Amino acid sequence: MRVLGPADAIAEGTAVAYPPPPGGLIGLIGVRHSGDIKVFVNSCPHLGVSLDWAAGRFLDEGGTHIVCATHGARFRLEDGVCDRGICLGDRLEAVVTQINDGMVCVPEDAGQ
Ligand code: FES
């Protein structure tokens with residue numbers, strides 16, 4: 001497993017950017033929803049671009065959705081499903097995530 005960082009660095013309604021795996025180009029997004037940490041690949045299902053609207057900034061003003069900076073699609077934090085926007089019904093790629101000793105851990109090759 002690859003260690004991304006401390007789980008307590010992700011407050012409820014916030015997001016954290018993580019780098020790509022070694023040799024990769026596409027990183028990850030960590031969010032906390034209802035107390036649970038979720039990790040998604042930072043790639044919009046519409047065009048495959050990164051989602052950040054500013055460096056490491058992903059969430060809408062209410063902290064309820066990840067927003068794609070390119071066309072504004074909104075993805076639910078709980079499951080990454082787009083519930084508003086051009087890719088309605090598509091979803092972000094979720095990453096298997098474990099919390100080990102307070103650290104967010106994902107498979108070595110998570111990301112792209
Ligand atoms: S590239 Fe994300 S909504 Fe179009």
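## A quick tour of an all-strand chain

In this predicted model, β5 and β6 (residues 74–76) run antiparallel to each other and are joined by three bridges. Strands here are DSSP runs of E at least two residues long, and helices are H or I runs of at least four, numbered from the N terminus; two strands pair if DSSP finds at least two bridges between them. The chain has ten strands and zero helices.

Residue numbers start from 1 along each chain as its sequence is written. As the model is predicted, local features need pLDDT of at least 70 and side-chain atom pairs count only at pLDDT 80 or more, while totals for chains, interfaces and linings use all residues.

**Overall build**
- The C-alpha atoms fill a box of roughly 40 × 30 × 25 Å along the principal axes.
- The radius of gyration is 13 Å, which agrees with the value near 13 Å for a compact globule of 112 residues; it is taken over C-alpha atoms, and the globule rule is 2.2 Å times the number of residues to the power 0.38.
- Of the 112 residues, 33% are buried, meaning that 20 or more other C-beta atoms, placed from the backbone, lie within 10 Å of a residue's own.

**The open sheet**
- β5, β6 and β7 line up in that order as an open, antiparallel sheet.
- β5 and β7 (82–84) sit at the edges with a single partner strand each, so one side of each has no neighbour in the sheet.
- Direction ignored, neighbouring strands here are turned by 40 degrees against each other on average.
- Within the β5 and β6 pairing, I66 stands opposite F75 in β6.

**β3 and its partners**
- Five of the six residues in β3 are buried.
- On one pairing, β3 meets β2 in the antiparallel sense over four bridges, with A17 opposite I29 in β3.
- β3 also runs antiparallel to β4, over six bridges, and H33 has D36 in β4 as its bridge partner.
- That β3 and β4 pair makes a hairpin with two residues in between, and S34 in the turn has a positive phi of about 50 degrees.

**The nonpolar core**
- The largest nonpolar core (buried Ala, Val, Leu, Ile, Met, Phe, Trp, Tyr and Cys residues joined through C-beta atoms within 7 Å) has 27 residues, and L28, I29 and I66 touch the most other members.
- Elements giving two or more residues to this core are β2 (15–18), β3 (28–33), β4 (36–41), β5 (65–67) and β10 (103–106).
- Beyond its neighbours within four places in sequence, I29 has contacts that include A15, V39, L51, F58 and I66; a contact means C-beta atoms, placed from the backbone, within 7 Å.

Conventions. A residue is buried if 20 or more other C-beta atoms lie within 10 Å of its own, exposed if 12 or fewer, and partly exposed in between; C-beta atoms are placed from the backbone. Two residues are in contact if their C-beta atoms, placed from the backbone, lie within 7 Å. Axes are lines fitted to C-alpha atoms, for helices over the stretch in contact, and angles run from 0 to 180 degrees between N-to-C directions.
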